[in-house]
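Visitor: I'd like a close look at one small spot in this protein, please. Start there, then walk me through whatever else is worth a stop.

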Amino acid sequence: MSCGVPPRSCDCFVALPPGSDGEHVIFGKNSDRPRDEVQEVVYYPAAAHEPGSKVECTYISIEQAESTHAVILSRPAWLWGAEMGANEHGVCIGNEAVWTKVPVEEGEALLGMDLVRLGLERGCTAKEALDVIAGLVERHGQGGNCREEATPFSYHNTFLLADRAEAWVLETAGRVWAAQRVTAGVKNISNQLTIGQEISTEHPELRSLARAEGWWSGEGGFSFSEVYAPVNPPARMEAAKRRYCGGKELLSKHNGSVSLGTMLEILRDKASGICMDSGGFRTTASMASILPRDPTLPCVHFFTATPDPSRSVFKPFLFVDQMTSVPQVVSPRFGADDPVKKLPRFQSTGRGLELHQTMRDLERQGIDDIAEMLKGGVAVDAEEVADLFFDCVDTEIKFYQSL
């Protein structure tokens, strides 16, 4: 394993009963992106579309669905898709960069981030969203520059999809793919192929392509990760093994008791590199979700909307009727006064540490309130929670402005 290149990857996690604490599915993701990139949290309501209409994704236009679900997305502001998000039916998706023996296609196609949004907009369950993404990969391929700056950077994608009942890992190699169903316990993905012989469903030409290319003899068991992993993986993919192993160890340590609080601790873990600030990349945004098995209880999604979860606050979002978006969470423009551009960057002062503790206390109070609500101790007031996330953002901004 190459240790000369710092990890530049994301991490996704899921815990399902009995791996989670109680009858909840817990989902989490850190988004690691170029350090100066703005990531915004945006809400799009459900919508009906004209038959035969097109939707313009980041680089290409594709056929639009006749109806799309309401979604909440955490996305780099310059593109159409999303690093991670959830829909009104309790489906959560995150993606990771990966390289395989199949060359990355030249030219522009769908980004993995486009596929995250398309899966959320079109799938009522994790499996439906998987089928959407797999079908679009087969039809349109994946490709195009994955960052805003001109330096070329393209890759294939793996996805972790979860809902109230189960989770799926979808791993792609060009236009072919393999998927693994996860019904219990814990699972994480990073910039690695993780599906071995435990394939639940696959592209119909997955094995024939491997045989034709001489990657698999056609005899014995078929391991997707062994057959399709690159012989000489990029240094960043090798360096990310430490993160994947660290995430797996943290999940295993808490297997049987993973709560939302546990997931936030994992996303904030710096020793493993999961909470990352490495070279030109850092953890620019984070997400964690509680998906109750009981369909009468709401799913709750927490977003930082700010970099570095160890210094950020997770703010809750619930899907209810009459949602409205507010400009505070969409690509703020500060010009020369942008704190990101001030040197030295993000240095703590005594007042800053005090503020951080105050915000963390408010976060804990919010988590406790959500826990009581999910136990049935607090009734859900749709009008009150409609602006919950955005009210939390306003409160956070006011605290920062008080410095």
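Guide: Let's start at Ala165, which is partly exposed because its relative accessible area is 48%, under the 50% that "exposed" has to exceed. Keep in mind that you're looking at a predicted model. You'll find Ala165 in the loop that joins β11 (156–162) to β12 (167–173). Who does Ala165 touch, if we ignore its neighbours within four places in sequence? Leu16 and Arg293 are its contacts. Try Ala126 as well: 39 residues separate Ala165 and Ala126 in the sequence, yet their C-alpha atoms are 8.8 Å apart in space.

From one loop residue, let's hop to a helix. Helix α1 spans residues 112–122, and eleven of its eleven residues are buried. The buried set includes charged names such as Asp114, Arg117, Glu121 and Arg122, along with Leu115, Val116, Leu118 and Leu120. Arg117 has something else to show you: Arg117 sits over the face of Trp80, 4.0 Å from the ring centre. Lys127 does this with another ring, lying over the face of Trp168 at 5.7 Å from the ring centre.

Since we're on rings, how many aromatic pairs does the structure hold? The count is 13. A good one to zoom in on is Trp215 with Tyr228, an edge-to-face pair with 5.4 Å between centres and 75° between planes. Trp215 is in the loop between α3 (206–212) and α4 (224–228), while Tyr228 belongs to helix α4, so the pair ties together parts that are 13 residues apart in sequence. Is each partner buried or exposed? Trp215 is partly exposed, because its relative accessibility is 24%; Tyr228 is buried, because its value is 0%. Elsewhere, ring pairs join Tyr43, Phe303, Phe317, Phe319, Phe389 and Phe390 into a cluster.

Now for some backbone oddities. Most residues other than glycine have a negative phi, and most peptide bonds are trans. Ala305 goes the other way, with a positive phi of about 60°. Asp308 also has a positive phi, near 60°, and isn't a glycine either. Ala305 is in the loop between β18 (300–303) and β19, and Asp308 is in the loop between β18 and β19 too. Ala305 counts as partly exposed because its relative accessible area is 24%, whereas Asp308 counts as buried because its area is 18%, with the line drawn at 20%. For the peptide bonds, look at Pro17 to Pro18: that bond is cis, with omega near 5°. Pro18 is found in the loop between β1 (11–16) and β2 (24–34).

Last stop: the second largest pocket, with about 500 Å³ of space. Its lining has 23 residues, and the closest to the centre are Pro316, Gly366, Asp369, Leu388 and Cys392. Which elements supply at least two lining residues each? They are β19 (315–317), α8 (350–374), α9 (382–385) and α10 (388–401). Helix α8 gives the largest share, eight residues. By type, the lining divides into 13 nonpolar, three polar and seven charged residues.

Methods
Residues numbered from 1 in each chain as written. Predicted model: local features only at pLDDT ≥ 70, side-chain atom pairs only at ≥ 80, totals over all residues. Heavy atoms only, no water. 1 Å grid on protein atoms, 1.4 Å probe; cavity = no way out; pocket = protein on both sides within 12 Å on 5 of 7 lines; lining within 4 Å. Points joined across faces, edges and corners; volume = space filled by probe spheres on them. Helix = DSSP H or I, 4+ residues; strand = E, 2+ residues; numbered from the N terminus. Nonpolar A, V, L, I, M, F, W, Y, C, P; charged D, E, K, R; others polar. Buried < 20%, exposed > 50% of the residue type's maximum accessible area, 1.4 Å probe, protein only. Phe/Tyr/Trp six-rings, centres within 6.5 Å; stacked < 30°, edge-to-face > 60°. Lys NZ or Arg CZ within 6 Å of the ring centre and 35° of its normal. Contact = heavy atoms within 4.5 Å.
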